[in-house]
Amino acid sequence: MIDFPATLHLFGKDILLHPVLESLGIFLGMRYYFFLKRKSPEKLPLTISLAIIAGATAGALLGSKIIGNLENPYTLLFSTDFSIKRFWSNNTIVGGLAFGLIGVELAKKIVGHKESTGDLITFPLMLAIIIGRIGCFFTGIYEETYGLPTDSIFGMHLGDQYLRHPVALYEIAFLVLLWGILKVIQKKHFPSGFVFQIFMLSYFTFRFFLDFLKPRIEIVGNLGAIQLTCLLVIIYYIYKVNITLKSKYLAPII
């Protein structure tokens, strides 16, 4: 049996496992990114690389907070005990990815860089998410990343009396499968940026459906803030993937 939330006993103190794994995921993801960057034949000037990293970081930080808090817009807008601490503690990877994309695109426009830069970050990003989701799983019901009660064979006790969907494990399994698919696509020599486009389209489609298995506050119809964000990103990347495929298969043969 796992005791939720799982902790590590270090230096005489109990430390939650989730933030440790989340930090480890970010660290290993960044190390993996710089490893791939050194091997990549495409060398970006330092100023462009720094601008893109700054845009991605600022966008992801802001977006994760905004969408995280919009998951419960009534508390955000009408609560009498609003606090910066509460606002800052609400995060979601969906908002981080969506607004990180906006930050990168704005940064590229400012520095005048038109080429896609997403492929190199795809697998490091997936690695960071996978490790972070392990931490989410070990937090159980003590963070809002758990699933609804279920009678299916996949149900698990996550810290209360109910069998629940282990949605963090579902996401890990999906990302591992997607990793293999993207590696195959990577070998097909599609235009730059296509691997990242397929990752974003696939991940946000998966998250849209996964959130039906999670507690959520319905905002439009039966959709929550994360699902509405997912829909916007899905529409955008259907357009981007379509453009990329046309450029590959309808380009003139010389």
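This note walks through a predicted model, point by point.

1. **Overall make-up.** Start with the chain as a whole. Nine helices and four strands make up its regular elements. Read from the N terminus, their order is β-β-α-α-α-α-α-α-β-β-α-α-α. The chain has 254 residues, and 40% of them count as buried.

2. **The N-terminal segment.** Look at the peptide bond between F4 and P5. That bond is cis, with omega at about -5 degrees. P5 sits in the segment before β1, the strand that covers residues 7–10.

3. **Helix α5, its length.** This helix covers residues 93–111. How does the span of α5 compare with what 1.5 Å a residue predicts? For its 19 residues the expected span is 27 Å, and the end C-alpha atoms lie 26 Å apart, which agrees.

4. **Helix α5, its buried residues.** Several α5 residues are buried. Among them are V94, L97, A98, L101, V104 and A107. The glycines G95, G96, G100 and G103 are also on the buried list for α5. K108, a lysine, is there too.

5. **A salt bridge within α5.** E105 and K108 join through their side chains in a salt bridge, with N to O at 3.7 Å. Why can these two meet? They are three residues apart in α5, so about one helical turn separates them. An α-helix has 3.6 residues a turn, so residues three or four places apart point the same way. The two partners differ in exposure: E105 is partly exposed at 29% relative accessible area, whereas K108 is buried at 7%.

6. **Where α5 ends.** G112 comes just after α5. Its phi is positive, at about 75 degrees.

7. **The second largest pocket.** This pocket has a volume of about 180 Å³. Its lining includes I67, F99, I102, T229, L232 and Y236. The elements giving two or more residues to that lining are α5 and α9, the latter being residues 225–249. Which element gives the most to the lining? It is α5, with five residues.

8. **Character of that lining.** Eight of the lining residues are nonpolar, one is polar and one is charged. E105 is part of the lining, and E105 also holds the salt bridge to K108. E105 is a charged residue by type, so it belongs to the charged class. A98 and L101 line the pocket as well, and both are buried residues of α5.

9. **Other salt bridges.** The structure holds six salt bridges in total. One of them links E218 and R216, whose closest N and O atoms are 3.9 Å apart. Both partners are partly exposed: E218 at 42% relative accessibility and R216 at 27%. Shared partners also join R207, D211 and K214 into one salt-bridge network. Within that network, the side chains of K214 and D211 meet at 3.9 Å, N to O. Are K214 and D211 buried or exposed? Both are buried.

10. **Cysteines.** How many disulfides does the structure hold? There are zero. C136 is buried, at 6% relative accessible area. C230 is buried too, at 0%.

11. **A positive phi outside glycine.** H189 has a phi near 60 degrees, a positive value in a residue other than glycine. H189 belongs to the loop between α7 (167–186) and α8 (194–210). Its relative accessibility is 68%, so H189 counts as exposed.

12. **A contact across the chain.** S64 is part of helix α2, which covers residues 46–70. With a relative accessible area of 10%, S64 is buried. S64 and N91 are 27 residues apart along the chain, yet their C-alpha atoms are separated by 4.8 Å.

13. **Where to look first.** For a reader new to the model, α5 is a good place to begin. Helix α5 carries the E105 and K108 pair, and α5 gives five residues to the lining of the second largest pocket. From there, turn to the network of R207, D211 and K214. Then view the loop that holds H189 and the cis bond between F4 and P5.

Notes
Residues are numbered from 1 along each chain as its sequence is written. This is a predicted model: local features need pLDDT of at least 70, side-chain atom pairs count only at pLDDT 80 or more; totals for chains, interfaces and linings use all residues. Side-chain values use heavy atoms; hydrogens and water are left out. A salt bridge is a side-chain nitrogen of Lys or Arg within 4 Å of a carboxyl oxygen of Asp or Glu. Buried means under 20% relative accessible area, exposed over 50%, partly exposed in between (1.4 Å probe, protein chains only). The expected span of a helix is 1.5 Å times one less than its number of residues. On a 1 Å grid over the protein atoms alone, a cavity is a set of points where a 1.4 Å probe fits but cannot get out, and a pocket is an open set with protein on both sides within 12 Å along at least five of seven lines; lining residues have an atom within 4 Å of a point. Grid points are joined across faces, edges and corners, and a volume is the space filled by probe spheres set on the points. A disulfide is a pair of cysteine sulfur atoms within 2.5 Å.
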